[in-house]
Amino acid sequence: MTAGLPPLGQKDTYKVGFAQAESNNPWRIAQTKSMQDEAAKLGYQLVYTDAQGSAAKQVSDVSSMIAQGVDVIFLSLREEKPLVPAIRAAKDADIPVVLFDRPVDPGLAKAGVDYLTFIGSDFAEAGRRLAAWLIKNAKGKTKIIELEGTTGSAPANDRKKGFADAVKAAGGFQIVASQSADFSRDKGRQVAKSLLQAHPDANVIYAHNDEMALGAIAHLEDAGRKPGKDVLVLSIDGGKEAVQAIVDGKINAIAECNPRFGPIAFQTLKNYAAGGKIQPWVKNIDKFYDSSNAAAEVAGTY
Ligand code: GYE
């Protein structure tokens with residue numbers, strides 16, 4: 001067992017807190033469903049809260065889980081900083097915390113010390129995979145508009161950096177404009193519109209998630225341009241609507257960010273209770289979709 005962390009006893013059933021950050025897109029809904037399904041399968045009680053995009057509400061959601069005496073808290077935080085005091089409060093109350101999908105600022109809280117572990121994807125790798133696809137398939141399309149995720153969130157920071165470093169190393173590409181559209185479809189449409197008006201010669205859109213990519217596609221079609229052809233579209237997540245958009249020729253490539261946390265989360269809980277050593281980062285396995293496999297894969301997406 002990792003020194004200094006609250007212990008977890010072996011029991012037949014657990015009362016497990018799951019503090020979700022928001023539920024405004026298919027990825028979040030799939031993540032929550034995966035947790036609910038796995039808890040039901042194991043016969044564990046799941047105390048579920050939805051912070052609706054508010055860090056302040058999520059802080060109070062965590063305090064109420066502490067007050068209810070949950071055995072463990074799975075915390076899906078929105079930004080890298082504001083939940084750090086809540087993580088400490090849980091530790092002080094002897095409740096292990098597992099961070100989900102977005103890590104905290106490592107300067108403020110550490111896996112194995114302040115919280116048990118981080119379960120999630122390699123965001124920089126997703127950026128690199130899409131850059132590699134682009135470098136191979138750009139055929140002269142080199143002017144990139146980037147739709148960033150929620151400002152201050154790890155996926156926005158790392159998806160940006162992984163992609164930017166890789167296209168820079170390849171040479172010949174230019175990220176002509178980057179702006180946050182908060183992982184949201186409607187903002188994705190609006191930001192794509194204003195950035196494409198300012199940079200009409202841009203011919204690649206790199207969106208940090210499917211929702212923003214789908215918003216950008218809606219704008220491109222309104223403007224009489226062909227997404228996936230005149231303007232290449234790259235995205236992250238891999239929800240059904242977006243993978244179907246690859247089949248339809250409107251998105252070119254998607255790096256999956258797997259939202260099915262249930263099985264790996266509850267397995268990690270059991271391993272910890274059994275005294276096993278938990279790695280600081282339990283990595284999710286992510287697929288990659290493009291025209292070579294989207295039609296075959298779409299049925300299995302969420
Ligand atoms: O990609 C996005 C969601 O934190 C990894 O959050 C997650 C991201 C996911 O809103 O669509």
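## The largest nonpolar core

In this predicted model, the largest nonpolar core holds 47 residues, and those that touch the most other members are Phe-74, Phe-100, Leu-130, Leu-134, Phe-163, Leu-234 and Leu-269. Helix H4, which covers residues 123-137, gives the largest share of this core, with 6 residues. Because domain 1 (15-120 + 259-284) and domain 2 (123-257) both contribute residues, the core lies between them. A second core, separate from this one, has 29 residues and includes Ile-145, Ala-192, Val-233 and Ile-251.

One of the well-connected members is Phe-74, which is found in strand E3 (residues 72-76) and is buried, with a relative accessible area of 0%. Leaving aside residues up to four places away in sequence, Phe-74 touches Val-16, Gly-17, Phe-18, Ala-19 and Met-35, then Val-98 and Phe-100, and finally Ala-265, Phe-266 and Leu-269. Phe-74 and Phe-100 are 26 residues apart along the chain, yet their C-alpha atoms are separated by 6.4 Å.

## Helix H4 and its surroundings

Helix H4 has 15 residues and reaches 21 Å from its first C-alpha to its last, which is close to the 21 Å expected at 1.5 Å a residue. At the N-terminal end of H4, Asp-122 acts as a cap, with a side-chain oxygen that lies 3.4 Å from the backbone nitrogen of Ala-124. After the helix comes Lys-139, whose phi is positive, near 40°.

The buried residues of H4 are Phe-123, Ala-124, Ala-126, Gly-127, Leu-130, Ala-131, Trp-133 and Leu-134. These buried residues pack against one helix, H5 (154-170), and against the strands E6 (143-148), E8 (204-207), E9 (232-237), E10 (253-256) and E12 (288-290). Leu-130 can serve as an example: not counting residues up to four places away in sequence, Leu-130 touches Phe-163, Tyr-206, Leu-234, Ser-235, Ile-236, Ala-253, Ile-254, Ala-255 and Phe-288.

## Asn-252, a buried polar residue

Asn-252 lies in the loop between helix H8 (240-247) and strand E10, and at 12% relative accessibility this residue counts as buried, because the cut-off for that class is under 20%. Its side chain makes polar contacts with the backbone at two places. A polar atom of the Asn-252 side chain lies 3.0 Å from the backbone oxygen of Gly-228, and the side chain of Asn-252 also reaches the backbone nitrogen of Val-233 at 2.7 Å.

The wider surroundings of Asn-252, again without residues up to four places away in sequence, consist of Trp-133, Gly-228, Val-231, Leu-232, Val-233, Leu-234, Ile-246, Tyr-289, Asp-290 and Ser-291. Of these neighbours, Trp-133 is one of the buried residues of H4, while Val-233 belongs to the second nonpolar core.

## Positive phi angles away from glycine

Two further buried positions deserve a look for their backbone angles. Phe-183 has a phi near 60°, a positive value in a residue other than glycine, and its place is in the loop between strand E7 (174-180) and helix H6 (185-198). With 6% relative accessibility, Phe-183 counts as buried.

Asp-237 is likewise not a glycine, although its phi is positive at about 130°. Asp-237 lies in strand E9, and it is buried, with a relative accessible area of 6%. Strand E9 is also among the elements against which the buried residues of H4 pack.

## Domains and the chain as a whole

The chain is divided into domain 1 (15-120 + 259-284) and domain 2 (123-257). The centres of the two domains, taken over C-alpha atoms, are separated by 29 Å, and the contact between them takes 11 residues from domain 1 and 15 residues from domain 2.

Across the chain there are 10 helices and 12 strands. The radius of gyration is 20 Å, close to the 19 Å that the globule rule gives for 302 residues, so the chain is as compact as a globular protein of that length. Along its principal axes, the C-alpha trace spans about 60 × 40 × 30 Å. Of the 302 residues, 55% count as buried, and among contacts with a separation of 6 or more, 74% come from residues 24 or more positions apart.

Conventions
Residues are numbered from 1 along each chain as its sequence is written. This is a predicted model: local features need pLDDT of at least 70, side-chain atom pairs count only at pLDDT 80 or more; totals for chains, interfaces and linings use all residues. Side-chain values use heavy atoms; hydrogens and water are left out. A nonpolar core is a set of buried Ala, Val, Leu, Ile, Met, Phe, Trp, Tyr and Cys residues joined through side-chain atoms within 4.5 Å. Buried means under 20% relative accessible area, exposed over 50%, partly exposed in between (1.4 Å probe, protein chains only). Helices (H or I, at least four residues) and strands (E, at least two) are DSSP runs, numbered from the N terminus. Domain bounds come from an automatic or database domain assignment. Contact means heavy atoms within 4.5 Å. The expected span of a helix is 1.5 Å times one less than its number of residues. A polar contact is a pair of N or O atoms within 3.5 Å; within protein, one must be able to donate a hydrogen and the other to accept it, and residues adjacent in sequence count only if both atoms are side-chain atoms. The radius of gyration is taken over C-alpha atoms; the globule rule is 2.2 Å times the number of residues to the power 0.38.
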